[in-house]
Amino acid sequence: MSVDLNAIVTQRVELTPELVVVRIVPDGWDLAHFEPGQFAVLGLPEASAKVIRDDHKIGFVIQEYDPSDADPSASPNGKPNKPDKMIKRAYSIASSSEAQDYLEFYIVLVTSGQLTPRLFALRPGDRVYLAPKFSGLFTLEEVPEHRNIILISTGTGLAPYMSMLRSQLVCQSPQRFAVLHGARHSSDLGYHDELSTLAHHCPNMSYLPTISRPKDEISAWHGEVGYIQDLWRRRVLQKDWGFDPSPENAHIFLCGTPGMIDEMTVELTNVDFKVHSRKNPGNLHIERYW
Ligand SMILES: Cc1cc2nc3c(=O)[nH]c(=O)nc-3n(C[C@H](O)[C@H](O)[C@H](O)COP(=O)(O)OP(=O)(O)OC[C@H]3O[C@@H](n4cnc5c(N)ncnc54)[C@H](O)[C@@H]3O)c2cc1C
């Protein structure tokens, strides 16, 4: 076993065959502090087992590494990678920054991808690489006090918001938080129960999930339907809050599919929200996964 695999999977909750929440614990070293919204880097060697779609059943099976089957697309020159070459990717931390003994991640399977089929083959007790330093500027650090916070995401773009809410939501405060989360199906709405409970107990927290494929639902879905952009244009948040979010009273965060980010950026900059960067502070914060 490679010495680089410095952390252990302690929990794996499968929401759907293509969506998991995993907890990872450093093995014999301490986690550094991170700011909610930041990301970590996870890695596994090329020679790790991976999940592949099972042609006979609906779902996936774990396939052990076969050296003759090394994936040529993993290397830019088309030659198979070395089996011990580490494949590394960034993942937003979903756990609270108060939880100092583990990190939680919310990950979607990219069946054609390099790392996620290997991450999905991990079971509790398996080892993984966790980079010891965390990075990222997609945090609440530069939001001025008392501004309302609107957290907009599709799919696993919800992950950084879970960390922010778990670490920084203060119920009963005049500062409002809203989570707008879009997914295809209700079963893809990770953290639905936790967010519904938070919204139930915190009068300053709104949770507005929407699904884009209501016809596929096994039982009737009574919530919002359509894309996040539709939810925004229908002014669902305004109705919930009773006032308009504006560049003066709110900071908006976007994380998820490129299409959602691009459309929402146009929509919001048209009403004078300004994209934030460290050099040019604004009130529209964007995290792109790809
Ligand atoms: C700052 C940052 C934070 C991230 N946080 C998360 C996270 O919390 N959860 C998470 O699942 N992913 C996250 N990602 C994406 C992650 O780093 C990988 O790109 C993703 O897991 C695919 O890796 P792969 O090796 O399997 O695919 P690759 O072989 O790297 O293939 C990449 C392709 O997969 C597709 N893709 C990448 N990410 C996704 C996704 N989330 N949903 C659908 N398609 C995707 C895109 O088409 C992309 O071009 C984050 C990326 C960044 C830059």
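Six strands make up an open sheet with parallel pairing, and their order across it is S12-S11-S10-S9-S13-S14. Strand S12 (224-225) and S14 stand at its edges with a single partner strand each, so one side of each is left without a neighbour in the sheet. Strands here are DSSP runs of E with at least two residues, numbered from the N terminus, and two of them count as paired if DSSP finds at least two bridges between them. At the S12 edge, strand S11 (residues 205-211) pairs with S12 in the parallel sense over two bridges, and Thr-210 has Glu-224 in S12 as its bridge partner.

This is a predicted model, in which local features need pLDDT of at least 70 and side-chain atom pairs count only at pLDDT 80 or more, while totals for chains, interfaces and linings use all residues. Residues are numbered from 1 along each chain as its sequence is written, and side-chain values use heavy atoms, with hydrogens and water left out.

Antiparallel pairing appears elsewhere in the model, beginning with strand S1 (residues 7-16) and strand S2 (residues 19-26), which pair in this sense over eight bridges. The two strands form a hairpin with two residues between them, and within this pair Ile-8 stands opposite Val-25 in S2. S1 also pairs with strand S8 (residues 127-130), again in the antiparallel sense, over two bridges; here Ala-7 stands opposite Val-128, and Ile-8 has Arg-127 as its bridge partner in S8. Ile-8 therefore has a bridge partner in S8, through the strand pairing defined by at least two DSSP bridges. S8 in turn pairs with strand S3 (residues 39-45) in the antiparallel sense over two bridges, where Gly-43 stands opposite Tyr-129 of S8.

A further hairpin is formed by S4 and S5, with six residues between them, and Gly-59 in its turn has a positive phi of about 135°. Strand S4 (residues 50-53) and strand S5 (residues 60-63) pair in the antiparallel sense over four bridges, with Val-51 having Ile-62 in S5 as its bridge partner.

The ligand brings other strands into the picture. The space that it takes is the largest pocket, a pocket being, on a 1 Å grid over the protein atoms alone, an open set of points with protein on both sides within 12 Å along at least five of seven lines. Around the ligand there are 19 residues, of which Arg-89, Ala-90, Tyr-91, Leu-115 and Thr-116 come nearest; a residue counts as near if one of its heavy atoms lies within 4 Å of the molecule. Strand S6 (86-92), strand S7 (103-108) and strand S14 (284-288) each supply at least two residues of this shell, and S6 gives the most, with four residues. By class, the shell divides into eleven nonpolar, five polar and three charged residues, where Tyr and Ala count as nonpolar, Arg as charged and Gly as polar.

Three side chains make polar contacts, that is, pairs of N or O atoms within 3.5 Å, with the ligand. An N or O atom in the side chain of Arg-89 is 2.8 Å from an oxygen atom of the ligand, a polar side-chain atom of Tyr-91 lies 2.6 Å from a ligand oxygen atom, and a polar side-chain atom of Thr-116 likewise lies 2.6 Å from an oxygen atom of the ligand. Taken alone, the ligand exposes 870 Å², and the protein buries 76% of that, with accessible areas coming from the Shrake-Rupley method and a 1.4 Å probe.

Key:
A polar contact is a pair of N or O atoms within 3.5 Å; within protein, one must be able to donate a hydrogen and the other to accept it, and residues adjacent in sequence count only if both atoms are side-chain atoms. On a 1 Å grid over the protein atoms alone, a cavity is a set of points where a 1.4 Å probe fits but cannot get out, and a pocket is an open set with protein on both sides within 12 Å along at least five of seven lines; lining residues have an atom within 4 Å of a point. A molecule sits in a cavity or pocket if more than half of its atoms lie within 2 Å of its grid points.
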